[in-house]
Amino acid sequence: MKRALNIGLPVVALILVVLGAYQGLVVAPTERMMGEVYRIMYVHVPTAMMSLLAPTIVCVASLVYLVKSSRQADALAEAGAEVTVLFATLCLVTGSIFGRPTWGVWWTWDPRLTSVAILWIAFIGYLALRRFVDDPDKRATWSAVTAIIISVDVPIVYFSVKWWNSLHQMQSSPNTVDPSIAAPLRLNITAWFVVFLALLWTRYRIGRAERDREESTPVGEPKAVLRMSP
Amino acid sequence: MIQGGWEFVWAAYGFAWLAAGGYAVSLWRRSK
């Protein structure tokens, strides 16, 4: 099972991303108002969705850690935080590239953009916090509390376009989008979801291996010994 | 008024593929 996930997920992810790119760049028609530029949506929307899914997983894993003190949950939270930073970066950069030709600016302090930027910075801070604490139990507890606090930004990001007067468009419904444009979007969302799973699973395995090493090395003892010949 | 076209599309796709691919390679190296 684990071997199937280790090899199967990255292979399926790669195939789906290639198919999704073909659909988005070649098969999808030119849009009447935005021309070719709208094709950025096929990478921006999926990465934006993953940048909200990842911190949701971090929040749930952190709650599980606080209840059960499960090292697996802590490893999943750490993996999810790293993947959050990746997808929030992709969301912000592709959004900025989308914004220049459509809005005329690379960046604006719009509620949606600002709340995603706060999410990105908060999770970089979370990862920095993890590096500063040596004791595994303290690190996991403090990180879990931090993750739950900063995950409050996830619903703020999602609802920001409804709560405030935002330049960013509201969430679209498939009913209002032409099927020739919506179908490639569904495929690209699936493709980036599998990429997300592959990265999360691989990072989780690394985290589990690190915790196994930590358990076999008592706190305060050096993790490596330099042997010098006389 | 939309200014520009494919150059923005390629920039967005290129950045996404390079960043995701680079992170995947870094994970693969760390997992060995």
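Q: Why is Pro136(A) called partly exposed, rather than buried or exposed?
A: In this predicted model, Pro136(A) has 15 other C-beta atoms within 10 Å; a residue is buried at 20 or more and exposed at 12 or fewer, so Pro136(A) falls in between and counts as partly exposed. Pro136(A) belongs to helix α5 (residues 136-150) of chain A, and its C-alpha lies 26 Å from that of Phe196(A), a residue 60 positions away in sequence.

Q: What makes Ser69(A) partly exposed?
A: Ser69(A) has 13 C-beta neighbours inside 10 Å, and because 12 or fewer would make a residue exposed and 20 or more would make it buried, the count places Ser69(A) in the partly exposed class. Ser69(A) sits in the loop between α2 (41-68) and α3 (71-103) of chain A, and its phi is near 50°, a positive value in a residue other than glycine.

Q: How do you know that α4(A) is roughly antiparallel to α6(A)?
A: The axes of helix α4 (residues 111-132) and helix α6 (residues 153-163) of chain A come within 8 Å and cross at roughly 165°. Angles over 145 degrees count as roughly antiparallel, and therefore α4(A) and α6(A) are given that description. Their contact is made by residues including Ser115(A), Ile118(A) and Leu119(A) of α4(A), together with Ile156(A), Val157(A) and Ser160(A), among others, of α6(A). By class, the residues of this contact are eight nonpolar, two polar and two charged, and the crossing of α4(A) and α6(A) is left-handed.

Q: Why are α3(A) and α1(B) described as roughly antiparallel to each other?
A: α3(A) packs with helix α1 (residues 6-30) of chain B at an angle of about 170°, the axes being 9 Å apart. As the limit for roughly antiparallel is an angle over 145 degrees, the pair α3(A) and α1(B) therefore qualifies. Among the residues that make the contact are Leu90(A), Val93(A) and Ile97(A) of α3(A) and Phe8(B), Phe15(B) and Tyr23(B) of α1(B); the contact as a whole has 13 nonpolar, two polar and one charged residues.

Q: How many residues of each chain are in contact across chains A and B, and what classes make up the side of chain B that touches chain A?
A: Contacts join 19 residues of chain B to 26 residues of chain A, and the chain B side consists of 14 nonpolar, four polar and one charged residues.

Q: What ipTM and pTM does the predictor give the complex, and what is the mean pLDDT of chain B?
A: The complex receives an ipTM of 0.92 and a pTM of 0.91 from the predictor, while chain B has a mean pLDDT of 91, with 88% of its residues reaching 70 or more.

Key
Residues numbered from 1 in each chain as written. Chains lettered and ligands numbered in written order. Predicted model: local features only at pLDDT ≥ 70, side-chain atom pairs only at ≥ 80, totals over all residues. Contact = placed C-beta atoms within 7 Å. Nonpolar A, V, L, I, M, F, W, Y, C, P; charged D, E, K, R; others polar. Helix = DSSP H or I, 4+ residues; strand = E, 2+ residues; numbered from the N terminus. Axes fitted to C-alpha atoms, helices over the stretch in contact; angles between N-to-C directions. Parallel < 35°, antiparallel > 145°, perpendicular 65-115°, else oblique. Left-handed = near helix turned anticlockwise from the far one by under 90°. pLDDT = per-residue confidence, 0-100.
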